[in-house]
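Let's take a walk through this model together, from the chain as a whole down to a few side chains. Keep the viewer open as you read.

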Amino acid sequence: MAKKSKTQRAKASANRQAKKAQAVQGEAVVQEEAPKKRFFGSKDGSKSEKLQPYQEAKKADSGKPSKAPNFLQQVRSEMRRVTWPTRKDVIQWSGVVVASLIFFGLFCVVLDDGVITPILFAISNLGA
């Protein structure tokens, strides 16, 4: 399971604290059901809320040339949000990749030399 980002942990912590505060005040904790996120928008045909900031930014920048420093700042902020794998995960999955390459390499060698080549020799000797 992937680790949660700092933002996700902060939101979860704030939600827990809000629930505790409601429980202390004697209010019933009511879970608000979030609308289901859909890949192509909501059921009513409106576009997803996530696309709106991008569309607004696109409209604002439509007549202006893009600025490299602004782009680099955006890249930097996005890279901070990335959940990077730990060293242990990288080593573990690298081992899985190397082991699978060795397995399938040996499988191809055995299939080629042990099965296909004798069949080809048998077929070629039938005509002689």
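**A helical chain and its surface**

Of the 128 residues in the protein chain, 2% count as buried. Please bear in mind that this is a predicted model. The accessible surface of the protein chain is about 12,700 Å², and carbon and sulfur atoms account for 62% of that area. As for secondary structure, the protein chain has four helices and zero strands, so reading along the sequence gives the pattern α-α-α-α.

Let's start with helix 3, which covers 68–81. The structure holds one salt bridge, and its partners are the side chains of E78 and R81, with 2.8 Å from N to O. Where do E78 and R81 sit relative to each other? Both are in helix 3, three residues apart, so about one helical turn separates them. E78 is partly exposed, at a relative accessible area of 40%, whereas R81 counts as exposed, at 56%.

Moving on along the chain, you come to V82, in the loop between helix 3 and helix 4. V82 has a relative accessibility of 33% and counts as partly exposed. Try picking out S5 as well: V82 and S5 are 77 residues apart along the chain, yet their C-alpha atoms are separated by 7.9 Å.

Next comes helix 4, which takes in residues 87–126. Helix 4 has 40 residues and reaches 58 Å from its first C-alpha to its last, close to the 58 Å expected at 1.5 Å a residue. If you follow helix 4 with your eye, look for a bend of about 35° at I116. A proline, P118, follows I116 within four residues.

Helix 4 is also the place to look at some rings. A pair of aromatic rings is described by the distance of the centres and the angle of the planes. With centres within 6.5 Å as the rule for pairing, the count comes to two aromatic pairs. In one of them, the rings of F103 and F104 have centres 5.0 Å apart and planes at 75°; planes over 60 degrees apart count as edge-to-face, and so this pair is edge-to-face. F103 also forms an aromatic pair with F107, with 6.5 Å centre to centre and 20° between the planes. Why is the pair of F103 and F107 stacked? Planes under 30 degrees apart count as stacked, and the 20° between F103 and F107 therefore puts their pair in that class.

The helix gives some context for that stacked pair: F103 and F107 both lie in helix 4, four residues apart, about one turn of the helix. Taken together, ring pairs link F103, F104 and F107 into a cluster. Are the rings' owners buried or exposed? F103 is exposed, with a relative accessible area of 51%, and F107 is partly exposed, at 45%.

Finally, step back to the surface around these rings. F103, F104 and F107 contribute to a nonpolar surface patch of about 1,000 Å², whose other members are L111, V115, I116, I119, L120, I123 and L126. Among them, I116 is the residue at which helix 4 bends, and L111 also lies in helix 4. L111 counts as partly exposed, at 38% relative accessibility; residues need over 30% relative accessible area to be part of a patch, so L111 passes that cut-off.

Definitions and conventions: Residues are numbered from 1 along each chain as its sequence is written. This is a predicted model: local features need pLDDT of at least 70, side-chain atom pairs count only at pLDDT 80 or more; totals for chains, interfaces and linings use all residues. Side-chain values use heavy atoms; hydrogens and water are left out. Rings of Phe, Tyr and Trp (its six-membered ring) pair if their centres lie within 6.5 Å; planes under 30 degrees apart count as stacked, over 60 as edge-to-face and the rest as tilted. Buried means under 20% relative accessible area, exposed over 50%, partly exposed in between (1.4 Å probe, protein chains only). Helices (H or I, at least four residues) and strands (E, at least two) are DSSP runs, numbered from the N terminus. The expected span of a helix is 1.5 Å times one less than its number of residues. The bend at a residue is the angle between axes fitted to the seven residues ending there and the seven starting there. Patches are made of residues with over 30% relative accessible area and no salt bridge: like charges are joined within 9 Å, nonpolar side chains (Val, Leu, Ile, Met, Phe, Trp, Tyr) within 5 Å. Accessible areas come from the Shrake-Rupley method with a 1.4 Å probe; for residues, only the protein chains shown count as cover. A salt bridge is a side-chain nitrogen of Lys or Arg within 4 Å of a carboxyl oxygen of Asp or Glu.
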